[in-house]
Amino acid sequence: MGSAEEMHGWTVKMSMPSVLAIVTVFSMIPGGVLSDMRGTQGLEAQQLAQGSTHLHRRLKRGWIWKQLFVPEEDPTPRVIGQLKSDYDRGEYSIKYILSGEGAGDAFEMDEYSGEIRTLKKLDREEKAFYVLQAQAINRRSNEPEEPESEFIIKVQDINDNVPQFQNEPYVSSIPEMCPTGTTVAQVTATDADDPMFGNNAKLIYSILQGEPYFSVEPKTGKVVTSWQNMDREAREQYLVVVQVKDMLGLSGGYSSSTTVTVSLTDVNDNGPTFQHHLYAFAVPENAAVGTTVGRIMAQDGDTGINARMTYSLEDDLEESSTFVIKTDPVTQEGVVLLAKPLDYETKRRFVMAAEAVNDHVDTRFLTLEEFRDRTTLKIVVEDVDEPPVFLSVAYEWKIPENAAVGTAVGSVSARDTDTVNNPIRYSIDKRSDNTKAFKIDPNNGTITVAKALDRETTNWHNVTVEAKETTLNHLSSSVVVFIKVLDINDNVPRLARDYQPFICEGTQAGELIQLLSAVDLDAPVEGHHFYFSMVSEKHINPNFTIRDNQDNTASIVARRSTFTRKDRTQYLLPVVVTDSGSPALSSTSTLTISVCSCQPAGHCPTGGVEALALSMGVSLQTLLGLVVCLVTLGVLSVLMLMVRRHRRKQQEGLEVEVMDLELPETVSQKVLYYGEPGGGGADLGFCQPVVPLRHHPRRRERRLRREDVRASIRMSLRESHLIGPDDEVFRQFILDRLAEADQDPYVPPFDCFRTYAYEGSGSPTGSLSSLESSALELEYEQPVCNPRPFMVKLTPWYGGGEEDTIF
């Protein structure tokens with residue numbers, strides 16, 4: 001760059017169409033030339049601060065700009081502008097560098113010429129402009145020739161977006177019969193294109209479907225009515241299709257559409273209307289009150305609250321009191337109901353007027369008279385063969401309980417209300433008169449006594465009488481007859497309970513002994529009144545007297561003192577009770593008054609026991625002794641039974657010994673089995689332990705006493721060194737044991753040999769018995785199962801041949 005005067009002499013060579021673009025670029029770049037001037041002023045300030053004696057004023061170097069706009073959606077890379085410094089003389093001594101948004105990705109700069117090119121297709125809706133920085137650097141000194149400058153590349157919009165409706169779907173409702181111009185809905189569409197560039201984002205609305213009933217304002221999108229008096233009863237719903245176009249609707253633009261659903265709400269612009277002028281119904285004469293006779297319906301084109309109506313009957317007619325009409329809240333029908341019983345023979349036809357009126361009226365659309373309508377009802381009563389009707393709903397009679405069989409109680413009467421007037425027969429329902437106490441005349445309905453009555457058993461009889469026609473249908477009806485049985489004095493009075501009075505030994509004359517009361521099954525009208533007295537005798541009772549208290553009670557009072565048990569233990573006192581009936585009845589009860597040794601408070605705790613003892617004819621001490629003996633015997637019996645059961649359990653738990661001979665406790669009791677498999681050897685096959693025998697209940701009776709056995713064994717031991725197998729004593733001992741074993745049916749059923757003898761002093765093997773051992777009190781030794789080297793034959797003892805059993 002040259003001097004300041006040269007700066008003012010810049011010239012920009014460009015065509016006229018580019019002027020607007022250049023002005024736009026500089027107006028949007030706050031940093032352009034002004035930023036370079038700020039940079040120059042800052043440099044001069046630094047030089048002043050450093051105290052430089054020579055102030056070198058840095059002049060602003062100029063940039064040469066071309067148009068920096070790029071159209072969106074352009075896939076072809078192209079040069080959109082060029083940056084050039086005043087120092088660039090075409091010698092390629094200046095290096096241009098581009099940085100900022102999109103540098104190297106969307107844009108690149110030629111480092112020699114400063115031309116800016118696009119690298120890809122851009123979308124304005126994604127990013128409308130890019131802010132970049134450019135810098136010129138001297139290639140030799142690598143120093144910046146110009147301060148870094150910031151500029152903007154703007155993406156130029158094209159119409160590439162379709163307008164879109166917001167807040168879909170659109171649903172609206174308006175009242176029917178509304179005026180023209182009523183707002184229906186507001187539709188809104190948006191366009192993503194640039195609204196500041198051309199007509200790309202300028203929208204216009206129009207109606208595709210819904211005319212001539214609706215229209216839309218082109219710029220605002222507000223849908224309004226364009227047809228007056230739209231009737232909901234004729235058409236309830238409309239579908240309005242609204243279209244929006246960009247480019248102000250010009251050709252080449254985009255468009256979209258939406259649907260607005262418009263519903264007409266109801267207003268009360270219709271009154272009720274009957275479809276018929278006359279409604280005819282028939283009802284049988286025996287219909288119950290409340291029966292639905294029929295339904296009528298007045299049509300109303302409205303809905304909801306506008307269709308609600310009320311039905312009524314004319315009040316000035318006689319027939320209106322026999323029937324009533326109510327509105328069904330669901331179907332809005334008029335329901336005709338029977339309000340009074342009907343009688344074909346009295347009135348056979350009813351004619352009346354019915355009216356329907358809307359509950360809510362709107363005089364904007366109709367007059368008051370147009371909200372009501374009337375019709376005529378004709379109701380015919382049908383004849384029905386009805387059952388007989390009793391003259392009374394119920395009957396109630398009274399009869400004394402002593403009435404004779406055949407006495408008339410009363411009569412019932414029924415009649416046939418039909419015009420034919422069929423004959424009637426009467427009968428009593430057997431389920432209501434189980435006792436068969438009454439009967440009825442089938443022709444005239446007179447009820448008589450058929451069985452003797454008893455008020456004390458049943459004081460009321462509820463009898464059901466049936467009246468039945470004699471025709472083919474046999475229609476019948478029934479009525480209840482209440483018969484009350486009146487009381488007569490036919491029950492004698494009795495004492496209220498079984499009294500057991502007693503008198504203490506220290507009782508004084510005039511003291512109260514017992515208070516009596518009476519009961520009577522009868523029920524006189526004036527209530528009970530009882531009289532108490534003693535049996536009339538020739539002599540006055542010197543011990544007791546009865547005092548009538550005149551309140552249905554009586555007191556037994558002692559006439560004398562000095563009552564003792566030694567003199568007499570009990571007294572008998574007859575008491576007469578009489579009622580106040582007509583005729584009067586009485587009964588006599590005898591009370592037993594016992595003499596008791598009372599406690600200080602006058603209580604006799606053993607009165608009941610004493611009474612029992614006296615009734616048995618024994619004294620109290622004897623009775624108590626018998627009771628103690630019985631209790632003692634019972635306890636002893638229980639103890640003996642328990643001891644016997646305990647002993648039985650012990651006997652069952654004991655093991656029966658194998659040998660009948662009970663050896664001493666210190667002797668090992670074993671049974672050895674010896675056998676020769678070949679029939680002639682003396683080898684020991686095996687030895688087995690003792691096998692317990694089954695318990696024999698009488699075995700203990702046949703056994704020797706343990707002391708005798710022990711003495712015999714000791715004697716044999718002492719003499720064993722003097723005697724041998726041939727000795728008579730030893731032989732007899734063995735034979736006795738064998739005989740006892742042979743006669744015992746409870747021995748084990750196996751073929752084995754038992755020995756109870758001892759080998760004596762002649763055995764070369766020595767004694768096998770533990771009887772001679774000094775340790776008789778120790779535990780038994782285990783049997784020796786391998787005695788083969790010490791076997792000795794027992795043949796000489798019995799004088800026989802070879803035996804299978806050896807010892």
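Trainee: In what order do the four strands of the open sheet stand, and what kind of pairing do they have?

Mentor: Before answering, I should say that this is a predicted model. The order of the four strands in this open sheet is 1-7-6-3, and the pairing is mixed. Strand 1, residues 69–71, and strand 3, residues 94–100, each have a single partner strand and stand at the edges, so one side of each is left without a neighbour in the sheet. From one strand to the next, the twist averages 30°.

Trainee: In which sense do strand 3 and strand 6 pair, and over how many bridges?

Mentor: Strand 6 covers residues 129–138, and it pairs with strand 3 in the antiparallel sense over seven bridges. To follow one of these pairings in the structure, begin at I94, whose bridge partner in strand 6 is N138.

Trainee: Now I would like to read a single residue; is H461 buried or exposed?

Mentor: A residue counts as buried when its relative accessible area is under 20%. H461 has a relative accessible area of 10%, and therefore it is buried. You will find H461 in strand 33, which spans residues 460–469.

Trainee: Which residues does H461 touch, not counting those up to four places away in sequence?

Mentor: With those set aside, H461 touches T435, A437, F438, L453, V481, F482, I483 and V485.

Trainee: Let us turn to the cysteines; what is a disulfide?

Mentor: A disulfide is a covalent bond between the sulfur atoms of two cysteines. To recognise one here, we look for a pair of cysteine sulfur atoms within 2.5 Å. By this rule the count comes to one disulfide, formed by C504 and C598, whose sulfur atoms are 1.8 Å apart.

Trainee: Where in the chain do C504 and C598 lie?

Mentor: The pair links distant parts of the chain, 94 residues apart. C504 belongs to strand 36, residues 502–504, whereas C598 lies in the loop between strand 42, residues 586–596, and helix 4, residues 607–616.

Trainee: Why is the disulfide of C504 and C598 left-handed?

Mentor: The torsion about its S-S bond is about -90°, and so the disulfide of C504 and C598 is left-handed.

Trainee: Is C504 buried or exposed?

Mentor: C504 counts as buried because its relative accessibility is 16%, while its partner C598 is partly exposed, with a relative accessible area of 23%. You can read two other cysteines in this way: C178 is buried at a relative accessible area of 5%, whereas C629, at 46% relative accessibility, counts as partly exposed.

Key
Residues are numbered from 1 along each chain as its sequence is written. This is a predicted model: local features need pLDDT of at least 70, side-chain atom pairs count only at pLDDT 80 or more; totals for chains, interfaces and linings use all residues. Side-chain values use heavy atoms; hydrogens and water are left out. Two strands pair if DSSP finds at least two bridges between them. Helices (H or I, at least four residues) and strands (E, at least two) are DSSP runs, numbered from the N terminus. Axes are lines fitted to C-alpha atoms, for helices over the stretch in contact, and angles run from 0 to 180 degrees between N-to-C directions. Buried means under 20% relative accessible area, exposed over 50%, partly exposed in between (1.4 Å probe, protein chains only). Contact means heavy atoms within 4.5 Å.
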